[in-house]
Every structure is written in structure tokens, then in C-alpha cells.
Amino acid sequence: MPAEAESIGFLLARIHNNMDRQANNNLKSSGMTFSQMRILYYLLKHGEAPPSQKDIEDFLQVSHPTVVGLIKRLEAKGLVHSGFDSADRRVKSVYLTAEGWGFISAVREHNAQMEQRITAGMDAQEVECLRLLLRRVLENILNDNGGQYAQNEKNT
């Protein structure tokens with residue numbers, strides 16, 4: 001199939017699948033998965049205001065039992081801890097531990113290298129144009145879902 005005939009959705013799916021596979025392969029040595037890593041980054045973005053398990057469910061778009069399992073595995077590794085909110089005992093919040101902060105710092109270097117691979121051969125203007133176009137694609141997709149996912153993305 002000629003390059004101009006390839007569907008954009010297909011290309012994006014191939015990019016995502018390959019990045020996901022490479023990320024899981026790179027994380028395997030540390031006993032981590034890409035989903036667990038996404039939780040750590042989500043916690044990092046929230047800083048001192050820890051999100052609830054429900055917030056994480058919404059962000060990952062997965063079920064409550066899935067998030068509980070992911071968090072339990074992260075707790076077993078000493079990277080996070082969870083606890084009930086003192087103001088509302090129905091809410092269980094998740095916090096990065098010192099070890100979790102350290103792990104995230106090490107992984108940031110790998111992410112910078114991956115960013116360089118993705119943008120290899122592009123000048124700064126092309127990279128910014130790519131970033132702009134990808135944001136627009138994301139907004140188009142999010143707006144197509146009635147804003148449900150758009151709100152989750154704004155919270156990340």
C-alpha cells in the first residue's frame with residue numbers, strides 16, 4: 001500500500017502498539033508494566049494532592065478491580081502507599097513513596113531517550129508542529145466522545 005494511502009488511525013495504532021511493547025520490554029527488568037508506570041506518572045503530576053483510586057480508574061479508563069490490583073502490586077514494590085482520606089473515609093487516596101519518586105527519576109531519563117528516538121531527523125520547528133498536530137488529533141478524538149475523556153485528560 002502506498003504511504004499516502006495508509007490510514008492515519010492505522011499508523012497511530014502501529015506507533016502506539018510498538019511504543020507500548022518497547023516500554024513493557026524496557027520495564028520488564030524492573031518488574032514493572034506500562035500500566036503501573038502510567039499510575040506513577042499520574043501520581044507525579046498530582047504532586048502533593050494525591051488522587052483517589054477513582055481518579056486513577058477514570059484516568060486509565062479501567063475497572064475498579066484492575067486499579068486495585070495495579071496499586072497492590074505497586075505497594076508490594078514499595079513505590080506507592082494508599083490510605084483512606086481523613087475528611088472522607090469513603091475515598092482511598094494513593095501516594096508516591098520516596099522509593100517511587102526515585103524510580104520515576106530514573107525512568108525519566110529513558111523517556112527523554114525515547115523522545116529523541118521519536119523525533120530523530122526532525123528540527124525544532126518540525127517537532128513543535130508534530131506536537132501541535134498530535135494535540136489537535138487528541139482533541140478531535142476527545143471531543144467526539146462527548147467530552148467524557150476530555151475532562152480526564154485535563155486532570156492529568
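Trainee: Which side chain meets glutamate 6 in a salt bridge?
Mentor: The model here is predicted. A salt bridge needs a side-chain nitrogen of Lys or Arg within 4 Å of a carboxyl oxygen of Asp or Glu. The N to O distance for glutamate 6 is 3.8 Å, and the partner is arginine 14.

Trainee: Is glutamate 6 buried, partly exposed or exposed?
Mentor: Buried means under 20% relative accessible area and exposed means over 50%. The value for glutamate 6 is 24%, so this residue counts as partly exposed.

Trainee: What is the relative accessibility of arginine 14?
Mentor: Arginine 14 also has to be placed between the limits of 20% and 50%. Arginine 14 counts as partly exposed because its relative accessibility is 44%.

Trainee: How many salt bridges are there by this rule?
Mentor: One of them joins glutamate 6 and arginine 14, and another joins glutamate 115 and arginine 131. By the rule, the count comes to 4.

Trainee: Which helices does the pair of glutamate 115 and arginine 131 link?
Mentor: The closest N and O atoms of glutamate 115 and arginine 131 are 3.2 Å apart. The pair links distant parts of the chain, 16 residues apart. Glutamate 115 lies in helix α5 (residues 98-118), and arginine 131 lies in helix α6 (residues 124-144).

Trainee: Which residues are joined into one network by salt bridges that share partners?
Mentor: Arginine 131 meets glutamate 128 in a salt bridge, at 3.2 Å from N to O. Both residues lie in helix α6, 3 residues apart, about one turn of the helix. Arginine 131 also forms a salt bridge with glutamate 115. The network therefore consists of Glu115, Glu128 and Arg131.

Trainee: What is the relative accessible area of glutamate 128?
Mentor: Within this network, glutamate 115 is partly exposed at 38%, and arginine 131 is partly exposed at 32%. Glutamate 128 is partly exposed as well, with a value of 40%.

Trainee: What is the angle between the planes of tyrosine 42 and phenylalanine 59?
Mentor: A search of the whole structure finds 1 aromatic pair. Tyrosine 42 and phenylalanine 59 form this pair, at 4.3 Å centre to centre. Planes under 30 degrees apart count as stacked. The pair is stacked, with an angle of 15 degrees.

Trainee: Why does the aromatic pair tie together separate parts of the sequence?
Mentor: Both tyrosine 42 and phenylalanine 59 are buried. Tyrosine 42 lies in helix α2 (residues 34-46) and phenylalanine 59 in helix α3 (residues 53-60), so the parts tied together are 17 residues apart in sequence.

Trainee: Which helix gives the most to the nonpolar patch?
Mentor: The patch lies on the surface, has about 660 Å² of accessible area together, and includes Ile8, Leu12, Ile118 and Leu134. Helices α1 (8-28) and α6 each supply at least two residues. With 4 residues, the helix that gives the most is α1.

Trainee: What is the relative accessible area of isoleucine 15?
Mentor: Isoleucine 15 belongs to the nonpolar patch and is placed in helix α1. Patch residues must have over 30% relative accessible area. Isoleucine 15 is partly exposed, at 47%.

Trainee: Is serine 93 buried or exposed?
Mentor: Serine 93 lies in strand β2 (residues 92-96). Leaving aside neighbours within four places in sequence, its contacts include Pro50, Pro51, His81 and Asp85. Its relative accessibility is 5%, so serine 93 counts as buried.

Conventions: Residues are numbered from 1 along each chain as its sequence is written. This is a predicted model: local features need pLDDT of at least 70, side-chain atom pairs count only at pLDDT 80 or more; totals for chains, interfaces and linings use all residues. Side-chain values use heavy atoms; hydrogens and water are left out. Rings of Phe, Tyr and Trp (its six-membered ring) pair if their centres lie within 6.5 Å; planes under 30 degrees apart count as stacked, over 60 as edge-to-face and the rest as tilted. Buried means under 20% relative accessible area, exposed over 50%, partly exposed in between (1.4 Å probe, protein chains only). Patches are made of residues with over 30% relative accessible area and no salt bridge: like charges are joined within 9 Å, nonpolar side chains (Val, Leu, Ile, Met, Phe, Trp, Tyr) within 5 Å. Accessible areas come from the Shrake-Rupley method with a 1.4 Å probe; for residues, only the protein chains shown count as cover. Contact means heavy atoms within 4.5 Å.
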